[in-house]
Amino acid sequence: MTRLLPLALGAVLGLALHAPAAEAAARKPASLAIVHARVVTMDEQLHVHDDGTIIIDGGNIVAVGPAGLEKDYATARTIDAQGNIAMPGMVNAHNHIAMMAFRGLGEYRTDDRLRKFFFPLESRMLSRRLINVASRQAAMELAVAGVTTVVDMYYHEDEVAEAVREVGIRGVLGETVINFPVVDAPEPYGGFQYAVDFVERFKDDPLITPAFAPHAPYSVSPQMLARIQQAAERYDVPVLMHLVEPLDEWERVKARFPEAAGFGDELEYLDSTGILSPRLLAAHVLRADDKDIALLKARGVGIAHNPKANTKGHGGLSPALEMMRAGLGVGLGTDGPLSSNQMDIVSIMGYAKRVATIRHPETTTYTPPELVAMATIGGARALKMDDRIGSLEPGKAADVILVDTRSLNMQPLYDVYAAIAYQADAGDIYTTIVNGRVVARDGKVLTIDLDRQQQEWNRVTREVAEFARTLDY
Ligand SMILES: [Zn+2]
């Protein structure tokens, strides 16, 4: 009753000046409203609001609905999307972003590129500084391209985390554990302790999800895989691993770890270590028969599908379509900047379709909504983060991108999913919002000192270029 009194008094006295303030007080507070957007929610029912509104408060989406919804909220800031598309930010489900420093090198031969190029570059050039500067550069490119969550496995992952957090996108970042000495671990498997420290440090970060990253089945022993799995369970964090990538992977595993020879196949062997679990995001999985797919499904393993990297390299075409149809969580990734050279997920959607059609010329493969789903909610499901990211729904994190539909390549726009999957390119994304914060707009990152980054980037790439000249290719 007392609350109504000032309003009633105001009305009686004709104090029009006070009315809007009183009305605002009745409205719910919100930090940001996106209005007049074609909202592609990617929720379970694939709701699209042709003239839609998204209400954000702090880091979360509080409401999604038709035009006019914003009238119920006292909003600090409003973005008029002018009919352009608003959709969930994309997930790049597999990457090694610090290798951005080496992109474009050693491209003239692929037969022995790893030994002749990768390893000398990594052993000579890798440092905390290079990893930090290159990761920041890569995170900028991802942010501008509408990737709001990047999955990464590398060394000095704390430097990757600092860079990703500074730019302001989300990272699921795994410290690599491998059976030989590397830049951040002089002992074989030294990455394990590094990973434990990394996980403890970033465990409660709002943007960073720290993870363990056993490199691959042929480079990590069954004992270490079991130990990693136990640690991941103790800390309740994901595990990231390359799986079934080289053509001779199973042969390599058996040659290195004789105990594997007692098992019928690679996945059966890996299952004995406990590593196949819902925590695992497996990158590639280039060969899997029905039995393998059933086992991966039963264990709840998520899949990162990297068609551009797989076809630039020599791994072959992944059965990603079969895995998705079997109900596994399948997301899209690029792999590192040396493997596919591009970082965006927009162009991977159409590419995944083309690759699937080459593998299955006799049948219809992905539909456009399935492709957009893999780029967004599919990646979230593969990471077991679909309760938090991947679609535009109340209660989820405010990771939203705006796609310009007035560009020539986006016209005509008859089917919004087909336009996103096949017509859009990364340059059409003009606003990237992560956790409620506008991180990039009109092709520019807004969160960091761009001049300083440019200077540091120039220094790093000059040093890399100098050393690369001494390598044989
Ligand atoms: Zn990789």
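The paragraphs below lead through a predicted model, from its metal site and largest pocket to its strands, its unusual backbone positions and a few separate residues.

The zinc ion offers a convenient starting point. Four residues coordinate the zinc ion: His94, His96 and His242, each through NE2, and Asp335 through OD, at 2.1 to 2.4 Å. Along the sequence these donor residues follow the spacing H-x1-H-x145-H-x92-D. The site thus brings together remote stretches of the chain, since His96 belongs to the loop between β6 (90–92) and α3, while Asp335 belongs to the loop between β13 (330–332) and α13 (346–359), and the pair is 239 residues apart. The geometry of the site is irregular, because the 4 donor atoms around the zinc ion subtend angles of 83 to 176°; a tetrahedral arrangement would need all angles to lie between 85 and 135 degrees. Two of the donor residues can also be described by their accessibility. His96 has 10% relative accessibility and therefore counts as buried. Asp335 is likewise buried, because its relative accessibility is 5%. In both cases the relevant limit is that buried means under 20% relative accessible area.

The next feature is the largest pocket, which holds about 1200 Å³ of space. Its lining consists of 39 residues, and those nearest the centre are Leu114, Phe118, Tyr218, Glu245 and Ser339. Four elements give two or more residues to this lining, namely α3 (113–125), β7 (147–154), α8 (249–256) and α11 (307–312). Of these, α3 gives the most, with 6 residues. By character, the lining residues of the largest pocket divide into 15 nonpolar, 13 polar and 11 charged.

The strands may be followed from the beginning of the chain. Strand β1 (residues 28–40) pairs with β2 in the antiparallel sense, over 6 bridges. Within this pairing, Ala33 has Ile55 of β2 as its bridge partner. Strand β2 (residues 48–57) is also paired with strand β3 (residues 60–66), again antiparallel and over 6 bridges. Two positions illustrate the register of β2 and β3: Thr53 stands opposite Gly65 in β3, and Ile56 stands opposite Ile61 in β3. Together β2 and β3 form a hairpin with 2 residues between them, and Gly58 in the turn has a positive phi of about 60°.

Another pairing involves strand β8 (residues 170–177) and β9, which run parallel and are joined by 7 bridges. One of the paired positions is Val177, whose bridge partner in β9 is Pro214. Strand β9 (residues 208–214) is largely enclosed by the rest of the structure, because 6 of its 7 residues are buried.

Some backbone positions deserve separate attention. Most residues other than glycine have a negative phi, and most peptide bonds are trans. Against that background, Asp236 has a positive phi, near 55°. Asp236 is located in the loop between α7 (222–235) and β10 (239–243), and it counts as exposed because its relative accessibility is 52%. Asp442 also has a positive phi, near 50°. This residue lies in the loop between β16 (437–441) and β17 (444–445); Asp442 is exposed, with a relative accessible area of 59%. For both aspartates, the limit that matters is that exposed means over 50%. A cis peptide bond is found between Gln411 and Pro412, with omega at about -10°. Pro412 lies in the loop between β14 (400–403) and α15 (416–423).

Finally, two residues may be located by their setting and by a distance to another part of the chain. Leu371 is part of helix α14 (residues 368–382). Leu371 is buried, with a relative accessible area of 0%. From Leu371 to Leu281 the separation is 90 residues in sequence and 19 Å in space, C-alpha to C-alpha. Asp72, in turn, occupies the loop between β3 and β4 (73–80). With 41% relative accessibility, Asp72 counts as partly exposed. Asp72 and Val199 are 127 residues apart in sequence, and their C-alpha atoms are 41 Å apart in space.

Notes
Residues numbered from 1 in each chain as written. Predicted model: local features only at pLDDT ≥ 70, side-chain atom pairs only at ≥ 80, totals over all residues. Heavy atoms only, no water. 1 Å grid on protein atoms, 1.4 Å probe; cavity = no way out; pocket = protein on both sides within 12 Å on 5 of 7 lines; lining within 4 Å. Points joined across faces, edges and corners; volume = space filled by probe spheres on them. Nonpolar A, V, L, I, M, F, W, Y, C, P; charged D, E, K, R; others polar. Donors = N, O, S within 2.8 Å, 3.2 Å for Na, K, Ca; no water. Tetrahedral: all angles 85-135°; square planar, octahedral: opposite > 155°, others 65-115°. Buried < 20%, exposed > 50% of the residue type's maximum accessible area, 1.4 Å probe, protein only. Pairing = 2+ DSSP bridges.
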